[in-house]
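Let's take a friendly walk through a protein model together. Have a look at the sequence and the 3D view, and then we will follow the strands, helices and cores one by one.

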Amino acid sequence: GPENTLMGIKAGPKGLLKGNLFEITDDHIQQIINTGGFNFMGTDRTKIEKPEDIDKVKAVCQEYNLDAIVVIGGDDSNTNAAFLAEKLFSDVKEDGSGVQVIGVPKTIDGDLQLGDELPISFGFDTATKIYAEKVGNLLRDTGSSLKYWHFVRLMGRSASHVTLEVALQTHPTIALISEEVRECNITMSEILDSIANIVIERAKKGLNYGVVLVPEG
């Protein structure tokens with residue numbers, strides 16, 4: 001609305017600490033509309049948890065007269081948001097009022113879920129559909145060339161939700177799941193032996209091709 005000003009923070013929490021804010025105008029929106037906009041302000045993994053960091057954020061809130069901060073991101077970002085929400089709840093501005101902090105879950109990992117209230121996060125559905133299309137193409141390609149093995153690394157540092165969803169959509173030859181590896185204490189040599197044995201068994205059947213999905217974690 002005309003009585004409000006929307007500010008953007010460059011480079012996420014690092015920009016918030018440095019007071020690197022700018023006003024987002026209609027012209028900015030016109031430049032990025034329908035393009036995703038992820039690179040518009042940038043991203044960062046800085047933790048805001050030290051007392052001096054909180055003091056810096058409070059000073060920025062006072063300087064720009066902020067009523068609310070919207071944090072968009074994954075588990076790290078929303079941990080920041082939760083911590084800030086506690087610290088900025090009251091006594092930030094001169095009139096004694098606080099600053100609201102709103103956390104918006106956005107992660108391709110799919111590891112921010114809360115039953116029916118948050119069954120899926122922004123990013124996960126898009127990422128898995130795009131990955132599944134690529135992996136599906138490779139599966140068709142290997143089936144026709146009959147002589148290639150493809151190893152596809154998918155995103156997911158500690159959660160293999162993306163790899164599992166792509167596997168469910170495409171049915172690759174092999175899919176490694178980090179959580180299973182950790183739970184069963186599977187060693188790297190055991191993983192390699194397992195893959196090698198599958199390659200050998202398929203070769204015996206004249207199937208000298210396949211696709212292996214590997215989560216980056």
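Our starting point is Lys106, whose bridge partner in strand 5 is Phe122. Thr107 also has a bridge partner in strand 5, namely Gly123. Before going on, please note that this is a predicted model, in which local features need pLDDT of at least 70, side-chain atom pairs count only at pLDDT 80 or more, and totals for chains, interfaces and linings use all residues. Residues are numbered from 1 along each chain as its sequence is written, and side-chain values use heavy atoms, with hydrogens and water left out.

**The two sheets**

Helices (H or I, at least four residues) and strands (E, at least two) are DSSP runs, numbered from the N terminus. Two strands pair if DSSP finds at least two bridges between them. Strands 3, 4 and 5 form an open sheet in the order 3-4-5, with parallel pairing. At its edges are strand 3 (68-73) and strand 5 (122-123), each pairing on one side only. Within the pairing of strands 3 and 4, Val71 has Gly103 of strand 4 as its bridge partner.

A further open sheet has the order 6-8-7, and its pairing is parallel too. Here the edge strands are strand 6 (149-154) and strand 7 (174-175). Phe151 stands opposite Val212 in strand 8.

| Strand pair | Sense | Bridges |
|---|---|---|
| Strand 3 and strand 4 | parallel | 6 bridges |
| Strand 4 and strand 5 | parallel | 2 bridges |
| Strand 6 and strand 8 | parallel | 6 bridges |

Which helices lie across strand 6, strand 7 and strand 8? One of them is helix 6 (residues 161-170), running at about 155° to strand 8. Helix 8 (residues 188-204) lies across these three strands as well, at about 145° to strand 6. Axes are lines fitted to C-alpha atoms, for helices over the stretch in contact, and angles run from 0 to 180 degrees between N-to-C directions.

**Cores and packing**

A nonpolar core is a set of buried Ala, Val, Leu, Ile, Met, Phe, Trp, Tyr and Cys residues joined through side-chain atoms within 4.5 Å. Buried means under 20% relative accessible area, exposed over 50%, and partly exposed in between (1.4 Å probe, protein chains only). The largest core has 17 residues, and Val57 and Cys61 are among those touching the most other members. Helix 1 (12-18), helix 3 (51-64), strand 3 and helix 4 (75-87) each give two or more residues to this core. Helix 3 provides the largest share, 4 residues. Apart from this core lies another of 11 residues, including Phe124 and Leu154.

Helix 3 and helix 4 pack with their axes 11 Å apart, at an angle of about 70°. Helix 3 is therefore roughly perpendicular to helix 4 (65 to 115 degrees). Their contact (heavy atoms within 4.5 Å) is made by Ile54, Val57 and Lys58 of helix 3 and Phe83, Leu84 and Lys87 of helix 4.

**Some single residues**

Is Cys61 buried or exposed? Cys61 counts as buried because its relative accessibility is 0%, while Cys184, at 48%, counts as partly exposed. The structure holds 0 disulfides (pairs of cysteine sulfur atoms within 2.5 Å).

Finally, Thr142 sits in helix 5 (residues 124-145). With a relative accessible area of 1%, Thr142 is buried. Leaving aside neighbours within four places in sequence, the contacts of Thr142 include Lys147, Tyr148 and Tyr209.

Key: Angles under 35 degrees count as roughly parallel, over 145 as roughly antiparallel, 65 to 115 as roughly perpendicular and the rest as oblique.
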